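Trainee: Could you walk me through this one from the start, please?
Mentor: Gladly; have a look at it before we talk.

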Amino acid sequence: LPGEASHSRAVSIRYFNLYRIVVASAFAIFGGVFSFGQKAPEIFLVTIIAYWVMAFAFFLLHAGSPHYGERSLGLQTALDIVMLSVFMYASGGFRSGVPFLMMTSIAGAGLIGHGRMVLGAASLATLAVLLASALCQASERIVVLTSDVADIVVALGAAPQVVGRDRSSRHPALAHVREIGFARSLNAEPI
């Protein structure tokens, strides 16, 4: 029975590694169709390549090794979470649906692994989703505090992301933006 259990575990790990290759390939093939990577296409492309290489390398390493430890599974799961977090960021945040793939990776690791590794992976995934979401939201909102900065923001094409301006910012592209006060007497509540 111990040999049968280790064989069953090896088959599960092989399928788990194959799942990673399928996910990376699906992102590469269908990413544009489902609007993945729209926020940061360059980061998305580099991450797809890195994730696919990682998945394929782990698949080959496991295929040639009869021993597969918890550290290897933990490393793979952590890399899944990191890569999928970058996918999530490049795709505009948690609304992209990428966190569901993280849950799949954690569940798969939980079925194969032992001990507290799954709790660590779940904690890492939670922090990664929060960080990626915060980075996505932080880059979407701009407050302009002087007229020269307003001109620069408009020249860079970021006027649609401006959510507040001071009274001195009179650029026509920012006419729709809420006024939050004047230079040194800004109202922090709207910000």
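**Getting to know the chain**

Mentor: Of the 191 residues of the protein chain, 36% count as buried (under 20% relative accessible area with a 1.4 Å probe, protein chains only). This is a predicted model, in which local features need pLDDT of at least 70 and side-chain atom pairs count only at pLDDT 80 or more, while totals for chains, interfaces and linings use all residues. Residues are numbered from 1 along each chain as its sequence is written, and side-chain values use heavy atoms, with hydrogens and water left out.

Trainee: How many helices and strands are there?
Mentor: The protein chain has six helices and four strands, in the order α-α-α-α-α-β-α-β-β-β along the sequence. Both are DSSP runs numbered from the N terminus, with helices being H or I of at least four residues and strands E of at least two.

Trainee: How do the axes of α3 and α4 cross?
Mentor: The axes of α3 (residues 70-90) and α4 (residues 98-112) come within 9 Å and cross at roughly 175°, where axes are lines fitted to C-alpha atoms over the stretch in contact and angles run from 0 to 180 degrees between N-to-C directions. The two helices are therefore roughly antiparallel to each other, a label for angles over 145 degrees.

Trainee: And which residues meet there?
Mentor: Among them are Leu 73, Ile 81 and Phe 87 in α3, and Leu 101, Met 102 and Ile 106 in α4, with contact meaning heavy atoms within 4.5 Å.

Trainee: Does Ile 106 come up anywhere else, say, how far is Ala 122 from Ile 106?
Mentor: Ala 122 and Ile 106 are 16 residues apart in sequence and 6.6 Å apart in space, C-alpha to C-alpha. Ala 122 lies in helix α5 (residues 117-138), and at 31% relative accessibility Ala 122 counts as partly exposed, the class between buried and exposed, the latter being over 50%.

Trainee: Switching to α6, which residues are buried there?
Mentor: In α6 (residues 147-155), Ala 150, Val 153 and Val 154 are buried. They cover an arc of only 95° around the axis, which puts them on the same side of α6; the arc is that of the directions from the helix axis to the C-beta atoms.

Trainee: What covers them, and what is on the face turned away?
Mentor: The cover includes β1 (142-144) and β2 (162-165), whereas the face turned away from the buried side carries the exposed residues Ile 152 and Ala 155. Just after α6, Gly 157 takes a positive phi of about 85°.

Terms used:
Parallel < 35°, antiparallel > 145°, perpendicular 65-115°, else oblique.
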